[in-house]
Amino acid sequence: MNKTTQKNATIAEQLAHHFQAFDYETLPGPSRHSVKRLLLDYIGVAVSGSQTASGQIARKFAVSTGGHREATLIGGGERVPAVQAAFANAISSHSVELDDIDVLALFHFSPPVYSAALAAAQQKSASGKDLLAALAAGCEMMERLSKAANSSLRNRGFHTTPTCGVFGATIAASRILGLSSDEIVSALGLAGAQAGGLMEMYGPSMQKRFNPGPAARNGVTAAAMAQMGFTGAATIFDGERGFLAAFTDENFPGKLVADLDKPYPLDIEFKPYSCARPIHNAIDCALEIRRKHAPDLARITGIKMARHPDWAHYHQNPAPRTYHEAQVSLPYSVAVGLADGQALFAQYNNARLGEPVLKTLSNLVEFIADETLPRGVSCRMTVEMDSGERYTSQVDYPKGSIQNSMSDQELRVKFDSLVIPVLGAERAARIADTIAQIENCPDIGELMGLLEPTDAASPRTTATEKLRA
């Protein structure tokens, strides 16, 4: 597509031209490193999530549909059609609330994009270099669309991870399958035909875990059907009834195609705590107060939680009924942070929800909207004691953010903590070593074959399943 033609091109046509040219050799070094770090994190989270009730049901469903044995179900080992593997693995990777996040805490890159890319890559015996290029392309597509559509998309009640994720999954799968520019245009149109996902997902059910599943599956479907000749609308983004018009009240289409001729900085953040990302700032506040002041929990009389208006009215439930609900409860998360000094998956066990000290602390949290806070996820927490003392902490950049990053070693520790209980230490080390050299892997099937449980790990898996029921 020459410059003259590109001036008259739709957004989808410009993006298709851009992503069709993606390959490993032209991928900037920082992007290679970012998507590789996320690959380790994704695999660890998906292995752990595959053992939860939601992950097990997703795997069971994928197997029940039958079909060609194309791609591996992470943590189960069964081979199913690529579209079903993408579906189930996306749900598994979103089932313990430890998946990555963008800088605005609006969406998760890996459940839709990585699940689709790995399923397609295994189906096609793609190389590690091909996979890394596809992952970078899919993540870029997803973030570009989020920037063009948010905050209106979120405020209208749409969940960014599936609504924008289906386009990221489509681009990733398109790169793996080797689609032409025209075919990518059609694939994006077909992705738009399948876009959806609602924020009506907070509560005791598994609904939030489900959302990235269809996005990953539909991305593989869109790319495969476009390759077979099924055409899609080239105006899917900028048309009168296109994605931006349908899903937003205010949008910024220029952000979809801004600086396509320059390297795209992928800002991927990671989660150290097993809950919704906008809650992490509050947990960091609680941990800082605990570390510096060690307050007697029985003498706390109030907890004031100032949040930026962007998030002030979310995550307020003080009495979660299941761990699903607890993972989107700021009061409960602050309570376990103060009580335990951590907020890992064990802290969100259903058995913990009724503990008197956690219930008391949760009910003390009072929310305050404060527009002077510098970032949408900023929190300022004040703990009030019966002596009149007050302890205050403000966190603008939580642990795992770009400005307060998790090191490669910290990510490895997180990975080991998630994988070893399911697959054992030896297998976890082999997986991590394979990912560290993934650009030298001739066939992604080698990596996926390592994600099947071993007999030796089965007793640990049983114990883990009991913990997460």
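In which hand, left or right, does H2 pass H7? In this predicted model, the crossing of H2 past H7 turns out to be right-handed. Helix H2 covers residues 11-20 and helix H7 covers residues 128-149, and their axes come within 11 Å of each other, with a crossing angle of roughly 155°. H2 and H7 are therefore roughly antiparallel, since any angle over 145 degrees falls in that class. On the H2 side, the residues involved are Leu 15, His 18 and Phe 19, and they meet Ala 137, Glu 140, Met 141 and Arg 144 of H7. Sorted by class, the residues of this contact come out as 4 nonpolar, 1 polar and 2 charged.

H2 has another partner in helix H10, which takes in residues 181-193. Here the axes come within 8 Å and the crossing angle is roughly 125°. That makes H2 and H10 oblique to each other. The hand of the crossing is right-handed here too: H2 passes H10 that way, just as H2 passes H7. H2 brings Ala 12, Glu 13, Leu 15, Ala 16, His 17 and Gln 20 to this contact, while H10 supplies Ser 181, Ile 184, Val 185 and Leu 188. In terms of class, the contact of H2 with H10 holds 6 nonpolar, 3 polar and 1 charged residues. Leu 15 turns up in both sets, since Leu 15 touches H7 and is also listed for the contact with H10.

The cysteines are next. How many disulfides does the structure hold? The count is 0. Cys 164 is in no disulfide, and the nearest cysteine sulfur to it belongs to Cys 139, 13 Å away. Cys 164 counts as buried, because its relative accessibility is 0%. For Cys 285, the closest cysteine sulfur is that of Cys 379, and at 5.7 Å the two are too far apart for a bond, given that a disulfide needs the sulfur atoms within 2.5 Å. Cys 285 is likewise buried, with a relative accessible area of 0%.

A few spots in the backbone also deserve a look. The peptide bond that runs from Asn 150 to Ser 151 is cis, with omega near 15°. Ser 151 sits in the loop between H7 and helix H8, the latter being residues 152-155. Ser 125 is not a glycine, yet its phi is positive, at about 55°. This serine belongs to the loop that links helix H6 (110-123) and H7, and with 42% relative accessibility Ser 125 counts as partly exposed. His 315 is another non-glycine residue with a positive phi, in this case about 65°. The loop that holds His 315 runs between strand E5 (300-307) and helix H16 (323-326). At 8% relative accessibility, His 315 counts as buried.

Last comes Gln 227, which is found in helix H12, residues 212-227. What does Gln 227 contact, once neighbours within four places in sequence are left aside? Its partners are Leu 177, Leu 179 and Glu 183. Gln 227 is partly exposed, its relative accessible area being 33%. As for Pro 81, that residue is 146 residues from Gln 227 in sequence, and the two are 17 Å apart in space, C-alpha to C-alpha.

Terms used: Residues are numbered from 1 along each chain as its sequence is written. This is a predicted model: local features need pLDDT of at least 70, side-chain atom pairs count only at pLDDT 80 or more; totals for chains, interfaces and linings use all residues. Side-chain values use heavy atoms; hydrogens and water are left out. Axes are lines fitted to C-alpha atoms, for helices over the stretch in contact, and angles run from 0 to 180 degrees between N-to-C directions. Helices (H or I, at least four residues) and strands (E, at least two) are DSSP runs, numbered from the N terminus. Angles under 35 degrees count as roughly parallel, over 145 as roughly antiparallel, 65 to 115 as roughly perpendicular and the rest as oblique. A crossing is left-handed if the near helix is turned anticlockwise from the far one by less than a right angle, and right-handed if clockwise. Contact means heavy atoms within 4.5 Å. Ala, Val, Leu, Ile, Met, Phe, Trp, Tyr, Cys and Pro count as nonpolar, Asp, Glu, Lys and Arg as charged, and the others, Gly among them, as polar. Buried means under 20% relative accessible area, exposed over 50%, partly exposed in between (1.4 Å probe, protein chains only).
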